[in-house]
Amino acid sequence: MGYLQGKKNAMMTIKDRYAVLGQPIKHSKSPRIHQLFAAQTGQLLSYHAREVPVEQFTTVVTAFFTEGGKGLNCTVPLKELAWNYADENTGRAKLSKAVNTLTLREDGVIIGDNTDGCGLVADLTVNHGIKLAGSRILILGAGGASRGIIAPLIEQAPYSLVIANRTIEKAVNLAAEFCDKGSVTGCGFAALAHQQYDLILNATSASLSDQLPPLPEGLIAENGICYDLAYGNQPTPFVRWGLGHGAAKSLDGLGMLVEQAAEAFFIWRGVRPDTQAVIELLNTERDP
Ligand code: ATR
């Protein structure tokens with residue numbers, strides 16, 4: 001083999017590096033998803049998961065990009081830190097005040113983006129054929145996960161969007177931030193009695209501790225759908241609640257996870273992977 005050919009082969013095996021940071025991160029499906037995307041689209045890259053506590057975030061991210069890393073996903077509890085870290089944030093990241101995708105641009109500028117909201121909307125509308133225009137949407141929770149999905153949902157022109165939270169003030173304040181974009185109101189769980197919704201989204205962190213927000217009876221409209229932003233190998237408490245209370249469908253956030261990853265992959269690589277194939281594969285890998 002000539003010198004130039006050898007050099008070319010060596011260069012071709014250098015993979016662009018990506019990673020997901022969070023704490024905990026052990027059970028993250030993101031490395032698997034991005035490796036499936038890469039194989040499917042013929043992209044040469046590596047993608048690893050790394051446990052990073054809040055105190056080490058800045059040091060780890062700076063080292064990653066200084067050493068040639070191309071992009072990072074950031075998950076709980078690092079999304080707000082990533083938003084602060086980015087040199088520039090996209091419009092949707094600014095609205096979310098949280099970043100799940102950091103990208104090193106050619107000129108060295110680090111761009112923060114948030115693909116969670118568009119991932120959710122893609123899963124609801126494309127994968128599940130759910131019509132959001134004109135629908136009554138209820139979001140449970142008023143933390144970071146809720147903030148990231150409000151603007152993309154309002155863009156779908158629902159009839160109304162209600163945010164209900166254990167700490168009422170947080171729901172009211174969050175709704176007030178978005179009220180110039182559409183009909184958005186905030187309240188506590190008790191105020192939900194006697195209302196019905198076409199789509200109920202659980203964006204509380206209650207599922208993570210196997211709990212359920214206190215929800216009144218009769219909340220789900222005829223043909224109404226429940227959707228938990230969390231996911232697990234087994235149905236979450238909220239998914240089970242939906243199934244037990246007459247929801248036409250009660251879904252978890254696996255599809256959203258794959259869709260937000262696909263949007264990050266597109267930002268980084270300029271190629272859109274086939275998400276359906278990956279969702280189907282991950283569904284077969286759930287515990288029986
Ligand atoms: P995230 O970034 O995942 O949204 P967060 O900002 O800490 O995390 O927000 C967690 C959300 O889940 C909050 O809305 C929280 O309610 P409070 O604002 O009243 O704390 C909600 N939450 C957590 N555990 C809950 C539970 N067991 N029942 C109801 N709501 C719960």
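**Note on the predicted model: aromatic pairs, fold and Asp-113**

1. Aromatic pairs in this predicted model come to 6, counting rings whose centres lie within 6.5 Å. One of them joins Tyr-47 and Trp-268. Their ring centres are 6.3 Å apart. The planes meet at 45°, and the pair is classed as tilted.

2. Where do the two partners sit? Tyr-47 belongs to strand β2 (residues 45-51), and Trp-268 to helix α10 (residues 254-269). The two parts are 221 residues apart in sequence, so the pair ties together a strand and a helix that are separated along the chain.

3. Are Tyr-47 and Trp-268 buried or exposed? Tyr-47 is buried, with a relative accessible area of 1%. Trp-268 is buried too, at 11%. Both values fall under 20%, the cut-off for burial, so both rings' residues earn the label.

4. The pair has company. Tyr-18 joins Tyr-47 and Trp-268 in one aromatic cluster.

5. A charge over a ring also deserves a look. The charged end of Arg-272 sits over the ring of Phe-266. The distance to the ring centre is 3.9 Å.

6. Now the overall fold. The protein chain has 11 helices and 12 strands. Its radius of gyration is 20 Å, close to the 19 Å that the globule rule gives for 288 residues. The chain is therefore as compact as a globular protein of that length. Along the principal axes, its C-alpha atoms fill a box of roughly 75 × 40 × 30 Å.

7. Burial and surface come next. Of the 288 residues in the protein chain, 50% are buried. The chain exposes about 14000 Å². Carbon and sulfur atoms supply 54% of that area.

8. How are the contacts spread along the sequence? Take the contacts in the protein chain with a separation of 6 or more: residues 24 or more positions apart account for 66% of them.

9. Asp-113 merits its own point. This residue lies in strand β6 (residues 110-113). Its relative accessibility is 9%, so Asp-113 counts as buried.

10. Which side chain does Asp-113 meet in a polar contact? The partner is Thr-90, and the contact is 2.8 Å. Leaving aside residues up to four places away in sequence, Asp-113 touches Thr-90, Arg-92, Ala-93, Val-99, Asn-100, Thr-101 and Ile-267. Thr-90 thus appears both as the polar partner and in the list of touching residues.

Definitions and conventions:
Residues are numbered from 1 along each chain as its sequence is written. This is a predicted model: local features need pLDDT of at least 70, side-chain atom pairs count only at pLDDT 80 or more; totals for chains, interfaces and linings use all residues. Side-chain values use heavy atoms; hydrogens and water are left out. Rings of Phe, Tyr and Trp (its six-membered ring) pair if their centres lie within 6.5 Å; planes under 30 degrees apart count as stacked, over 60 as edge-to-face and the rest as tilted. Helices (H or I, at least four residues) and strands (E, at least two) are DSSP runs, numbered from the N terminus. Buried means under 20% relative accessible area, exposed over 50%, partly exposed in between (1.4 Å probe, protein chains only). A charge sits over a ring if NZ of Lys or CZ of Arg is within 6 Å of the ring centre and within 35 degrees of the ring normal. The radius of gyration is taken over C-alpha atoms; the globule rule is 2.2 Å times the number of residues to the power 0.38. Contact means heavy atoms within 4.5 Å. Accessible areas come from the Shrake-Rupley method with a 1.4 Å probe; for residues, only the protein chains shown count as cover. A polar contact is a pair of N or O atoms within 3.5 Å; within protein, one must be able to donate a hydrogen and the other to accept it, and residues adjacent in sequence count only if both atoms are side-chain atoms.
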